[in-house]
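Thanks for making time this morning. I would like to walk you through one structure, going from a single residue to the core and then to the ligand, so please have a look at it first.

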Amino acid sequence: MKEYDIAIIGGGPAGIMAAIAASRTSRVILLEKNPSLGRKLLMTGGGRCNITNNKPIKQLLTFFNNKNFLKHSFYSFTNEDLFSLFDFDFITEDDDRVFPETERAADVLKCLSDKLEEIVISYNFEVKTISEDFVINDCIKADRIIIATGGVTYPQTGCSPDNYSLTTQPITDIKYGLSPLVTCEDLSGIAGVTLNDVVISYKKTKVRGNVLVSHVGLTGPGIINLSNEISESISYNLLAGEPDVD
Ligand SMILES: Cc1cc2nc3c(=O)[nH]c(=O)nc-3n(C[C@H](O)[C@H](O)[C@H](O)COP(=O)(O)OP(=O)(O)OC[C@H]3O[C@@H](n4cnc5c(N)ncnc54)[C@H](O)[C@@H]3O)c2cc1C
């Protein structure tokens, strides 16, 4: 049985960042189901990685419903702290979205992965069980375990709803976020049409931004930003199936 201070499950951005921080004081093992780290990270921002947003924290928080939960994290690990991890610069585009100047998510992943040199990483290691005394898959024991297995979307990147049963701790409601919308109306005939800088409203919320008609509905920054508001007002259990809404 191998023993560690901290075992981190999942080698996406959350697991990698946890490993970098925890390894400063502890013996850490990072367990990743795939043969490589950060498969979803490579897809971000269309492969360019929209790594953060440069709006002042106070303003940024207004976009979230769980402000109090995020406030502490945003102030204790700022954009400046984030940028200091990389050996390249960043560019800021419209709506204060920040991208690496190389415009490659792969460079973000490489820079973070390089900081894991001292850390034991087990690839192709899918965590299936955690016993009450913190033994993982009957072969690794840790004093503490961080579960960073991601959400349920894009299962081809390694995510799975099965991971929610790894913990007996209560799990908050799981909802869609930053999602395109599927419409009942067939919009495929006008797919590709873009509406620039329009106001879209849902109930009392109004959002200004670009809208793109897709083959199945609506997408684009305006829709993606509004989607959280819609998601919040729908009552459903993502693990139990799709929401039944118009
Ligand atoms: C198409 C797309 C574009 C996106 N663009 C952006 C963007 O531009 N900017 C942005 O901020 N966010 C973006 N996101 C969201 C971003 O990718 C996620 O928020 C981020 O990847 C979450 O990081 P994570 O580490 O929590 O989870 P993940 O990146 O999902 O990583 C979880 C890891 O855990 C591993 N794992 C899962 N189960 C197990 C197990 N049982 N045992 C061992 N390992 C396991 C998985 O293989 C995976 O490597 C985008 C997402 C998608 C799908």
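Let me begin with Ser231, whose place is in helix H6, the helix that covers residues 221–233. I should say at once that this is a predicted model, and that the values I quote are computed from it.

Is Ser231 buried or exposed? Its relative accessible area is 5%, and since anything under 20% counts as buried, Ser231 is buried. As for a partner, the side chain of Ser231 reaches the backbone oxygen of Tyr176, at a distance of 2.6 Å.

Let me move on to Phe86, which sits in the loop between H4 and strand S4, the latter being residues 90–92. Phe86 has a relative accessibility of 9% and therefore counts as buried as well, the limit being 20%. Which residues does Phe86 touch, once those up to four places away in sequence are set aside? They are Ile51, Val108, Cys111 and Leu112. If you look at Cys111 in particular, you will find that it is 25 residues from Phe86 in sequence, while the two C-alpha atoms are 6.2 Å apart in space.

That brings us to the core, and here a general remark may help: in soluble globular proteins, nonpolar side chains tend to be buried together. In this model the largest nonpolar core has 26 residues, and the members that touch the most others are Phe86 and Leu116. Several elements give two or more residues to this core, among them strand S1 (2–9), helix H1 (13–22) and helix H5 (105–114). There is also a second, separate core of twelve residues, which includes Tyr4, Ala7, Ile9 and Ile136.

Finally, let us turn to the ligand. How many residues surround the ligand, and which are the closest? The ligand is surrounded by 26 residues, with Ala14, Glu32, Gly45, Asn50 and Asn163 the closest. Sorted by class, this shell holds ten nonpolar, twelve polar and four charged residues.

Some individual distances make the picture more concrete. A polar side-chain atom of Asn34 is 3.2 Å from an oxygen atom of the ligand, and a polar backbone atom of Pro13 is likewise found 3.2 Å from a ligand oxygen. For Gly45, a backbone N or O atom lies 2.9 Å from an oxygen atom of the ligand. On its own the ligand has 1000 Å² of accessible area, of which the protein covers 76%.

Note on methods
Residues numbered from 1 in each chain as written. Predicted model: local features only at pLDDT ≥ 70, side-chain atom pairs only at ≥ 80, totals over all residues. Heavy atoms only, no water. Near = heavy atom within 4 Å. Polar contact = N/O pair within 3.5 Å; in protein donor to acceptor, adjacent residues only side chain to side chain. Areas by Shrake-Rupley, 256 points an atom, 1.4 Å probe, with all protein chains shown as cover. Nonpolar A, V, L, I, M, F, W, Y, C, P; charged D, E, K, R; others polar. Core = buried A, V, L, I, M, F, W, Y, C linked by side-chain atoms within 4.5 Å. Buried < 20%, exposed > 50% of the residue type's maximum accessible area, 1.4 Å probe, protein only. Helix = DSSP H or I, 4+ residues; strand = E, 2+ residues; numbered from the N terminus. Contact = heavy atoms within 4.5 Å.
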